[in-house]
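Got the viewer open? Let's walk through this one stop at a time, picking a selection and looking at what is there.

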Protein chains: 2
Amino acid sequence: MSSRDDVETAFWAYERALMANDLDALDELFAPGPSILRGDAAGILVGHDAISQFRKGRGGAPAREILHVEIRELTDATALVIAITAPATGGRGQQSQLWTLVDGAWRVSAAHVSLPAPAINGAVWRTVGTPLVRGASAGPLRGETVAVKDLYDVAGFAVGAGIPAYLAEASPATGTSPAVAALLAAGADVTGIAQTDEFAYSIAGRNPHYGTPPNPAVLGGVPGGSSSGPASAVALGQASIGLGTDTAGSIRVPASYQGLWGLRSTHGSVSSDRLLPLAPTFDSVGWMTRSAAILRACAAATLDATKQVAVEPSFVMAPALLEHCEPDVRAAFSRFAFDAVDLGDVDELFLAFRTVQAAEAWATHGAWISAHPGALGEDVAGRFAFASTIDSAAEASGRVALAAARNRLNALLGDRVLVLPSASSTAPSVFADPELIERTRQGTLRLTCIAGITGRPALSIPLLTVPQPGALLRAPVGVCLVGPRFGDLALIDLAEQLAG
Amino acid sequence: MSSRDDVETAFWAYERALMANDLDALDELFAPGPSILRGDAAGILVGHDAISQFRKGRGGAPAREILHVEIRELTDATALVIAITAPATGGRGQQSQLWTLVDGAWRVSAAHVSLPAPAINGAVWRTVGTPLVRGASAGPLRGETVAVKDLYDVAGFAVGAGIPAYLAEASPATGTSPAVAALLAAGADVTGIAQTDEFAYSIAGRNPHYGTPPNPAVLGGVPGGSSSGPASAVALGQASIGLGTDTAGSIRVPASYQGLWGLRSTHGSVSSDRLLPLAPTFDSVGWMTRSAAILRACAAATLDATKQVAVEPSFVMAPALLEHCEPDVRAAFSRFAFDAVDLGDVDELFLAFRTVQAAEAWATHGAWISAHPGALGEDVAGRFAFASTIDSAAEASGRVALAAARNRLNALLGDRVLVLPSASSTAPSVFADPELIERTRQGTLRLTCIAGITGRPALSIPLLTVPQPGALLRAPVGVCLVGPRFGDLALIDLAEQLAG
């Protein structure tokens, strides 16, 4: 038998094993070692173990037929095999494999798999159009495309808030939220309505109904939430502007996890009309983009210029906050050597924030949730269950503590700009240990609550990356600037100085 | 310098040439010969010349950065290079290249390119959702997904008819067309509203405003129209049912070009309420699917069962029609040896059809077109310009000729089933010579007008393929069955006998 025949035999053995999801056979048919590669639309896996783990996790490859196989013998011990596939769900795919003779057997040492695209990525979007809503024919945002978080009214479309049972009862909006209208008036088109964590009450970006949007910056990483859909849409190049909301980090965290620019605007500076609230004391409008220029244009198109203030480049850091970060994030921040401020007991700050946030969240959505048992996934349902336990006495003392915290932070920070990580870690893997998930969540919320408590604007800058074990690319982590109220535009301008 | 360094140098030279669109350098950097391969989401190009032509046609690759390069030296003369790309428009791509040393220089002998998917393929769809409209919670079509041609009312959405200027003036529909409602009631979800040729007055599938939907069965081939969006959506696996219309072949032609099942239902058997007409004497509702079973379920869910009739397997062919086909289609049909019927002068049949179609098309859309100069692309505008010349005398004599043709064909065919090609050719290339396009169009219309004239149902079966020069896969051509009126379901059942 020629080596060509041997390769062809091995190819079909692999195909049968793939369709049967025979993991042992697939492991055997991939070459061993840490340098083999497997790439698809999600990214490139490196090494036999990572590829094996991926196969274990996915529960079988999609059913398909092989329509055509091309074999190119390169040497006695290497061959390229390119196949055209016909997925059972329609369309055409392609698979390129490099086969090598290892220990007398032909094995795959690199693979590149392409599958047909779906009509819509339902983890990212709920509805999209070409465009869904056309913007003004001229303006500074002409040519830009917006992914609107599914909390804002867009005339003619219902708000779903990440919850199918909520969407099923919602009526089409009779008008458009001012935050959306401002972008349309500046010339941007609305591409579509993008997914959110349920009622925006999470920073993970994992929606149990619609799925987890991909994070193109971190293979297998969560996208960050709750503005997960708009963030992934922008990171994937499916929109240039993600219109989000940020109560406890819901813009800054996905921006940080996915390497985007993100601005949580000064609380109260953008109308929250026709925007589904979570905790109105903290809920802020904001944007995620791939460029500072577009982020600035969004803010300029939306914010009242007469209220905006200048900000001096007087940067400070709070070492106590870095203690809540993972070691790689802390190490990356060692490049900054700004004056230190002492925020006091960070847990106490967070507790005040959390108590009022929870009380307001339950006041906003408690009645609906009580009337719809089972409508929410476990994670967010559990958070609301906690929120329901905040009685009026606890809420009242929380509000006292919140006011004190606000006064203390304002006195401490004054007109200065606090520099801190946008999140305590890079994007955790969707398969991460629940303990790690909870630790990084608690750490991140201690960072994000500073802007929440003070109502200050917070800008996440995609300035730093840290190594990712086993991955080809480094993972992003945002540098967050928390500045004086109404210093939104000035913060974006300061970012360049910080980066330089 | 090691060969690894040489490969890396060649890789970067290629990347620079790609970004500069230096076609000579790119041609030089690809290995010569007919066996080299280049694949992307559209399919696989074979041979240096085809790849060179593709690069000439596209006007430059999308701008990108290279984020990471992996090089695997396989031998002294072969290396694999895998790169992670960052398109300027966002997202991540991947490129795998096999480099070989040819005549002392490193050259690409195979390449596989993946780009990030867009939010929506605007050539295929106008609006999509997850789903856009949910169907009944139970029914024979539960789990199926519908691409609705942009001529049908879907409550809450405007009809665009493939023309942006028409869409801009349209109001959201206040109800849903019965043809759509029947599928929803049977449990299918509407995934979205799919593109059409302008006012459905074409069989090409090339929309000058929204682009040409891809034909996954024929690399670089037109999709066929006018139900181009629904057809491509189904062929791509983005929907399982394409709801189309067929006046002069608008379901049968895209089904034939893309290897789908397609049924033009008996004229008048499905309500045309809330459906934008073209030529009401001929306009028929119908479906395109990847399987006979789903096609049958669509027809059964929509048609009045009490009116359906049985059909005997008495097949006939018309040699005069095959004379209007390209040689490869004619050759493929030589496998059928049914009794011949003499249709008389086919040009005369077509002329009667065309005169009445044109008169009705102008009566339907002439006023709008006259009020909107420039709103239509050249091709369809030209067709309507011709239609505007049919005066009432010409129309009247056309109707007399049409009635005579109908009587003659009905007498000739009786209860028998006419077997003919669904189109005169396989899908022409988007770059095909205009003379070829016009010849195949004229040929196809002579085939499709038989069902148009008689109002008989016509089923296109994806039964045959013919070789495509230079392509790895064969191209589909449909076998069309034109049966007795109200024999829709029976025709689908007969198809199995024909295939067997």
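Start by selecting Pro131(A), which sits in strand β7 of chain A; strands here are DSSP runs of E with at least two residues, helices are runs of H or I with at least four, and both are numbered from the N terminus. Zoom in on the peptide bond between Thr130(A) and Pro131(A): it is cis, with omega about -10°.

Before moving on, some housekeeping. This is a predicted model, in which local features need pLDDT of at least 70 and side-chain atom pairs count only at pLDDT 80 or more, while totals for chains, interfaces and linings use all residues. Residues are numbered from 1 along each chain as its sequence is written, and chains are lettered from A and ligands numbered from 1 in the order in which they are written.

**The two chains**

Stay with β7(A), but now show both chains. What supplies the largest share of the side of chain A that touches chain B? Strand β7 (residues 125–133) of chain A does, with seven residues. Overall, 55 residues from chain A and 55 residues from chain B take part in the contact, where contact means that C-beta atoms, placed from the backbone, lie within 7 Å. Colour chain A's side by class and you get 29 nonpolar, 21 polar and five charged residues. For the colouring, Ala, Val, Leu, Ile, Met, Phe, Trp, Tyr, Cys and Pro count as nonpolar, Asp, Glu, Lys and Arg as charged, and the others, Gly among them, as polar.

Now superpose the copies. A turn of 180° and a shift of 0.0 Å along the axis lay chain A on chain B with an RMSD of 0.0 Å, which is the relation of a two-fold axis. The fit is by least squares on C-alpha atoms of residues with pLDDT of at least 70 in both copies. Both copies use the same surface, as 100% of the contact residues of chain A recur in chain B. Which residue of chain A comes closest to the rotation axis? Select Val128(A): its C-alpha is at 2.7 Å.

**Two domains in chain A**

Hide chain B and colour chain A as domain 1 (3–114) and domain 2 (118–500), bounds that come from an automatic or database domain assignment. Taken over C-alpha atoms, the centres of the two domains are 40 Å apart. Where they touch, seven residues of domain 1 of chain A are in contact with six residues of domain 2 of chain A. On the domain 1 side, pick out β2 (43–46) and α3 (48–58) of chain A, each of which supplies at least two residues. The largest share, three residues, comes from β2(A). That side of domain 1 splits into four nonpolar, three polar and no charged residues.

**Helix crossings**

Still in chain A, select helices α11 (residues 346–371) and α14 (residues 434–454): their axes come within 9 Å and cross at roughly 60°. Those axes are lines fitted to C-alpha atoms, for helices over the stretch in contact, with angles running from 0 to 180 degrees between N-to-C directions. Show side chains for Val346(A), Leu349(A), Phe350(A), Ala352(A) and Phe353(A) in α11(A), which meet Leu445(A), Arg446(A), Cys449(A), Gly452(A) and Ile453(A) in α14(A). By class, this contact has eight nonpolar, one polar and one charged residues.

Switch to chain B and select α11 (residues 346–371) with α13 (residues 392–413): the axes come within 8 Å and cross at roughly 135°. Among the residues in contact are Leu349(B) and Phe353(B) of α11(B), and Leu402(B) and Ala405(B) of α13(B). Here the classes run to nine nonpolar, two polar and two charged residues.

Keep α13(B) and add helix α14 (residues 434–454) of chain B; this pair packs at about 100°, with axes 9 Å apart. Leu402(B), Ala405(B), Arg406(B), Leu409(B) and Asn410(B) in α13(B) meet Ile450(B), Ile453(B) and Thr454(B) in α14(B).

**Two loop stops**

Next, find Ser226(B) in the loop between β9 (189–194) and α6 (228–235) of chain B. A cis peptide bond joins Gly225(B) to Ser226(B), with omega about 5°.

Finish at Arg274(A), in the loop between β11 (261–264) and β12 (284–289) of chain A. Its phi is near 60°, a positive value in a residue other than glycine.

Technical notes:
Contact = placed C-beta atoms within 7 Å.
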